[in-house]
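Me: I should like a close look at a single part of this model, with its surroundings described in turn. Please give one connected account.

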Amino acid sequence: MSDVAKEAWRKYLIQLQVNPLRTKALTSGVIAGLGDALAQKISGIKKLQLRRLLLFSLFGFAYGGPFGHYLHKLMSVIFKGKNDSKTVAKMVLFEQLTSSPLNNLLFMLYYGLVIEGIPWVFVKDKIKKDFTSVQVAAWKVGPMVAWVNNQFVPLQLRVIFQCFVGLCWTILLNLKARSAVIKDS
């Protein structure tokens, strides 16, 4: 790692200690925006949709980072900071049964109402139609991610880890959507 990168990482870790909520919110916002920019490019959009990118960033900043910060803080209190296999299994179960469905529901609401600007009645119907399949898909990957995160990632870096996993997930979903469009062509 270069000296510049090491110094930037050192300063970032200091900010995580001094201003954890702000740092996680900003990080989540930046990574959410980056994920959307990459997703737009992968999906073949010629001109970046700046409004959409900013709204994704806003969601990461205002919700993703702060929610993750407080969720992991709460879990460290509930599970007393332990990370043995039995405790991690309980943490994964807790996370998958509470925050995973909540996060998916809130994202579907935000995406439909705010990003796409779809009327409530249509968003509600889309959630009724798609929520179960979205949640089942999340449960196929989420438990593994949560296990790694809670077992191996230090508490102060868990939100950032989840943000990067979310970025990868966004890219994969867009690649899948793009390949479906190409097959149908």
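Which residues does UniProt list for "transmembrane region"? Please then examine the helices in that part of the chain.

Reply: In an unreviewed entry, UniProt lists residues 53–71 and residues 105–123 for "transmembrane region". The structure discussed here is a predicted model, and the two spans can be compared with its helices.

Over residues 53–71, the chain is 100% helix and 0% strand. The C-alpha atoms at the ends of residues 53–71 are 25 Å apart. For residues 105–123, the corresponding composition is 79% helix and 0% strand, and the end C-alpha atoms lie 11 Å apart.

The helices to consider here are α3, which covers residues 50–78, and α5, which covers residues 99–115. In general, a packed pair of helices is described by the angle between the axes and by the distance separating those axes. For α3 and α5, the angle is about 155 degrees and the axes are 11 Å apart. An angle over 145 degrees counts as roughly antiparallel, and α3 and α5 are therefore roughly antiparallel to each other. The crossing in which α3 passes α5 is right-handed.

On the α3 side, the contact is made by R51, R52, L55, F56, L58, F59, Y63, F67 and L71. On the α5 side, the participants are S99, L102, N103, L106, F107, Y110, Y111, V114 and I115. Sorted by class, the contact of α3 with α5 comprises 14 nonpolar, two polar and two charged residues.

Helix α5 also packs against helix α4, which spans residues 85–97. Here the angle is about 30 degrees and the axes are 3 Å apart. Since angles under 35 degrees count as roughly parallel, α4 and α5 are roughly parallel to each other. In this contact, F94, E95, Q96 and L97 of α4 meet S99, S100 and P101 of α5. The classes represented are three nonpolar, three polar and one charged. S99 of α5 thus appears in the contact with α3 and also in the contact with α4.

Towards the N terminus, another helix pair may be described in the same terms. Helix α1 (residues 3–18) and helix α2 (residues 20–42) pack at an angle of about 125 degrees, and their axes are 5 Å apart. The two helices are therefore oblique to each other. Y12, Q15, L16, Q17 and V18 of α1 meet P20, R22, T23, K24 and T27 of α2. This contact has four nonpolar, four polar and two charged residues.

A further link involves helix α7, which covers residues 158–184 and contains I171. Leaving aside residues up to four places away in sequence, I171 touches L38 and I42. Between I171 and D125 the C-alpha to C-alpha distance is 26 Å, with a separation of 46 residues in sequence.

As for the setting of these helices, the chain has seven helices and zero strands. Its radius of gyration is 18 Å, close to the 16 Å that the globule rule gives for 185 residues, so the chain is as compact as a globular protein of that length. Along its principal axes, the C-alpha trace spans about 50 × 40 × 30 Å.

Note on methods. Residues are numbered from 1 along each chain as its sequence is written. This is a predicted model: local features need pLDDT of at least 70, side-chain atom pairs count only at pLDDT 80 or more; totals for chains, interfaces and linings use all residues. Side-chain values use heavy atoms; hydrogens and water are left out. Axes are lines fitted to C-alpha atoms, for helices over the stretch in contact, and angles run from 0 to 180 degrees between N-to-C directions. Helices (H or I, at least four residues) and strands (E, at least two) are DSSP runs, numbered from the N terminus. Angles under 35 degrees count as roughly parallel, over 145 as roughly antiparallel, 65 to 115 as roughly perpendicular and the rest as oblique. A crossing is left-handed if the near helix is turned anticlockwise from the far one by less than a right angle, and right-handed if clockwise. Contact means heavy atoms within 4.5 Å. Ala, Val, Leu, Ile, Met, Phe, Trp, Tyr, Cys and Pro count as nonpolar, Asp, Glu, Lys and Arg as charged, and the others, Gly among them, as polar. UniProt positions are given in the numbering used here, feature names are shortened, and annotations may be inferred rather than shown by experiment. The radius of gyration is taken over C-alpha atoms; the globule rule is 2.2 Å times the number of residues to the power 0.38.
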